Amino acid sequence: MGHLKARNLVTAHERLRDQVAHALRAALISGELRPGEVYSAPTLAEDFGISATPVREAMLDLAREGLVEPVRNKGFRITEVNERDLDQYTEIRTLIEVPTVGRITKTASKADLEALRPIAEEIVRAAHDHDLIGYLEADRRFHLSLLALSGNDRLVETVGDLRKRSRLYGLTALDQRGELIPSAQEHLELLELMLSGDAEAAEQCMTRHLGHVRSLWAQGKTDGADGEPTPQKH
């Protein structure tokens with residue numbers, strides 16, 4: 001029984017760590033935690049009303065995702081992405097994803113493409129429901145699952161890394177204006193074009209979608225700079 005109890009404690013600890021990581025991602029997305037700012041685990045833990053350990057562990061998880069970076073003896077800095085970075089990420093993603101979508105349109109089975117429809121619908125539903133974390137998570141699953149149909153694991157890994165480095169910040173204002181919905185609906189449009197076998201139109205849609213995402217990045221950064229006051233740092 002002793003082993004079972006210890007195992008339950010570990011599970012509870014891991015669950016708290018995951019909950020904190022989820023809350024921190026939400027704060028990043030809303031703009032409450034600002035790119036370029038440094039936050040300490042003890043200060044954030046005080047806000048949560050918990051010990052610093054699960055907060056520090058959650059921040060390390062975010063560091064592995066490229067969302068924050070450790071700052072020695074101070075805490076964690078929220079990763080800052082500048083306009084040049086965003087342009088370069090978009091260029092690389094366009095070079096990789098557009099022709100890959102065209103190739104997949106010609107080679108993937110309708111069953112494999114149709115299997116992505118529930119995820120595309122989940123993206124639209126999350127946009128309508130103002131579920132920002134759900135929106136980003138479903139968007140990630142859709143794009144990486146689609147690219148996985150190419151059979152190139154390294155390609156999927158590369159795009160996944162690029163997505164982490166260019167994560168949208170400060171989405172709350174965009175969501176309130178309904179500007180995420182058109183981008184969400186483009187996933188269904190892309191899927192229909194691929195199912196019809198029109199590789200050229202699918203490539204054009206993917207190019208437009210990535211350009212749309214790039215404009216959302218820019219707006220998200222601007223809105224994040226004008227949002228709520230920055231929480232206290234330490």
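Here are some friendly notes on this predicted model, going from the overall fold to a few individual residues.

1. **Overall make-up.** The protein chain has 11 helices and 3 strands. Read from the N terminus, the elements follow the order α-β-α-α-β-β-α-α-α-α-α-α-α-α. The chain holds 234 residues, and 44% of them count as buried. If you look at contacts between residues at least 6 apart in sequence, 75% of these join residues at least 24 apart.

2. **The sheet.** The 3 strands form an open sheet in the order β1-β3-β2, and the pairing is antiparallel. At the edges sit β1 (38-39) and β2 (68-71), each of which pairs on one side only. As background, strands of a sheet pair through backbone hydrogen bonds, in either a parallel or an antiparallel way.

3. **How β1 joins in.** Strand β3 covers residues 75-78, and 2 bridges tie β1 to it in an antiparallel arrangement. For a pair to click on in your viewer, try Tyr39, whose bridge partner in β3 is Phe76.

4. **The β2 and β3 pair.** These two strands are antiparallel as well, with 4 bridges between them. Val68 faces Ile78 of β3, and Val71 stands opposite Gly75 of β3. What does the turn of this hairpin contain? There are 3 residues between the strands, and Asn73 takes a positive phi near 65 degrees. If you check backbone torsions, Asn73 is the residue to look up for that positive phi.

5. **A helix across the sheet.** Helix α3, residues 52-64, lies across β2 and β3. The direction of α3 makes an angle of about 125 degrees with β2. The next two points stay with α3.

6. **α2 against α3.** Helix α2 (residues 41-48) packs with α3 at an angle of about 115 degrees, and the two axes are 8 Å apart. This crossing is right-handed. On the α2 side the contact is made by Ala41, Pro42, Leu44, Ala45 and Phe48, and on the α3 side by Ala52, Val55, Arg56 and Met59. Sorted by class, the contact has 8 nonpolar residues, no polar ones and 1 charged residue.

7. **Arg56.** Is Arg56, a residue of helix α3, buried, partly exposed or exposed? Its relative accessibility is 36%, so Arg56 counts as partly exposed. With neighbours within four places in sequence set aside, Arg56 is in contact with Ala41, Pro42 and Phe76. Ala41 and Pro42 belong to the α2 side of the helix contact, while Phe76 is the β3 partner of Tyr39. The C-alpha atoms of Arg56 and Leu44 lie 9.2 Å apart, with 12 residues separating the two in sequence.

8. **α6 against α7.** Further along, helix α6 (residues 117-128) and helix α7 (residues 132-148) bring their axes within 8 Å of each other, crossing at roughly 160 degrees. The two helices are therefore roughly antiparallel. The handedness of the α6 and α7 crossing is left-handed, whereas α2 and α3 cross in the right-handed sense.

9. **Who meets whom there.** From α6 come Ile119, Ala120, Glu122, Ile123, Ala126 and Ala127; from α7 come Gly134, Tyr135, Ala138, Asp139, Arg141, Phe142 and Ser145. By class, the residues of this contact divide into 8 nonpolar, 2 polar and 3 charged.

10. **Ala120.** This residue has its place in helix α6. Why does Ala120 count as buried? Because its relative accessibility is 0%. Apart from neighbours within four places in sequence, Ala120 is in contact with Phe142, His187 and Leu188. Phe142 is one of the α7 residues in the helix contact described above. Arg141 is 21 residues from Ala120 in sequence, and their C-alpha atoms are 9.3 Å apart in space.

How values were computed. Residues numbered from 1 in each chain as written. Predicted model: local features only at pLDDT ≥ 70, side-chain atom pairs only at ≥ 80, totals over all residues. Heavy atoms only, no water. Axes fitted to C-alpha atoms, helices over the stretch in contact; angles between N-to-C directions. Parallel < 35°, antiparallel > 145°, perpendicular 65-115°, else oblique. Left-handed = near helix turned anticlockwise from the far one by under 90°. Contact = heavy atoms within 4.5 Å. Nonpolar A, V, L, I, M, F, W, Y, C, P; charged D, E, K, R; others polar. Pairing = 2+ DSSP bridges. Buried < 20%, exposed > 50% of the residue type's maximum accessible area, 1.4 Å probe, protein only.
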